[in-house]
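Biologist: I have not looked at this structure before. Could you take me through it feature by feature?

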Amino acid sequence: MAYNLYRWYADFFRNGKIDSLFLAKPHEIENAVGKKYNLGEVLGKHSNIYGTLKREEITLISENPIVVDELCRASNMCNTISGYNPMDYVYKECENCGNEVDPDEILMGMCSACYDEWCDEQEWEDDPIDD
Ligand SMILES: [Zn+2]
């Protein structure tokens, strides 16, 4: 499925606002709406910008393939045009326990707790005699 150009606009009042342009596929938007995100201090020190991605914050700007193709090339990997691409920040589901966690925390498809557990199991299997 083809990419579209979207705008993400979210008001954080005293902290400022997020106003971004990015490329994404329609099903990626569908999956991301309703998910939590955490951008950290992107609007200044101690701003701690987080929330839940709302449908009304996302506007379809263009699905014109000529426009989108040009922007895809300009942004290298059909990603962020300006500001922040919410697709990079919405929480992802751990493939093991199903918890939704910050994408920075996902390692090999797992949340950090499951990953640690998995690592422990690996050690045990690699070294069954060593007690
Ligand atoms: Zn997990």
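Biologist: How far apart do the C-alpha centres of domain 1 and domain 2 lie?

Modeller: This is a predicted model, so each value here is computed from its atoms. The C-alpha centres of the two domains, domain 1 and domain 2, are 29 Å apart. Domain 1 covers 1-90 and domain 2 covers 91-131. Their contact takes six residues from domain 1 and four residues from domain 2. On the domain 1 side, the touching residues are three nonpolar, one polar and two charged.

Biologist: What does the radius of gyration of the protein chain say about how spread out it is?

Modeller: The value is set against what the globule rule gives for the chain length. Here the radius of gyration is 19 Å, well over the 14 Å that the rule gives for 131 residues, so the protein chain is more spread out than a compact globule. Along its principal axes, the C-alpha trace spans about 60 × 35 × 25 Å. Buried residues account for 18% of the 131 residues.

Biologist: How many helices and strands are in the protein chain?

Modeller: The protein chain has three helices and eight strands. Along the sequence they follow the pattern β-β-α-β-β-β-α-β-β-β-α. As for contacts between residues at least 6 apart in sequence, 53% of them join residues at least 24 apart.

Biologist: What is the order of the strands in the open sheet of four strands?

Modeller: The order is β5-β1-β2-β6, and the pairing is antiparallel. The edge strands, β5 (58-62) and β6 (80-82), each pair on one side only. On average, and ignoring direction, neighbouring strands of this sheet are turned by 30° against each other. Helix α2 (residues 65-74) packs on the sheet and touches β1, β2, β5 and β6, with its direction at about 75° to that of β1.

Biologist: How many bridges join strand β1 to strand β2?

Modeller: Eight bridges join the antiparallel strands β1 (residues 4-11) and β2 (residues 17-24). As one position to look up, Tyr9 stands opposite Asp19 in β2.

Biologist: Is α2 largely buried or in the open?

Modeller: The test is a count of C-beta atoms within 10 Å, and a residue needs 20 or more to be buried. Of the ten residues of α2, the number buried is zero, so the helix lies largely in the open. Just after α2, Asn76 takes a positive phi of about 75°.

Biologist: Which residues is Ser62 in contact with, leaving aside its neighbours within four places in sequence?

Modeller: They are Asn4, Leu5, Val67 and Val68. Ser62 itself lies in strand β5. With 16 other C-beta atoms within 10 Å, Ser62 is partly exposed. For a longer distance to trace, the C-alpha atoms of Ser62 and Pro103 are separated by 27 Å, and the two residues are 41 apart along the chain.

Biologist: Where is His46 found?

Modeller: His46 is in the loop between β3 (36-40) and β4 (49-52). His46 has a positive phi of about 65°, although it is not a glycine. The neighbour count for His46 is 7 other C-beta atoms within 10 Å, so His46 is exposed.

Biologist: What is the phi of Asn48, a residue other than glycine?

Modeller: The phi of Asn48 is positive, near 40°. Asn48 lies in the loop between β3 and β4. With 14 C-beta neighbours inside 10 Å, Asn48 counts as partly exposed.

Methods:
Residues numbered from 1 in each chain as written. Predicted model: local features only at pLDDT ≥ 70, side-chain atom pairs only at ≥ 80, totals over all residues. Pairing = 2+ DSSP bridges. Helix = DSSP H or I, 4+ residues; strand = E, 2+ residues; numbered from the N terminus. Axes fitted to C-alpha atoms, helices over the stretch in contact; angles between N-to-C directions. Contact = placed C-beta atoms within 7 Å. Rg over C-alpha atoms; globule rule 2.2 N^0.38 Å. Buried ≥ 20, exposed ≤ 12 C-beta atoms within 10 Å, placed from the backbone. Domains from an automatic or database assignment. Nonpolar A, V, L, I, M, F, W, Y, C, P; charged D, E, K, R; others polar.
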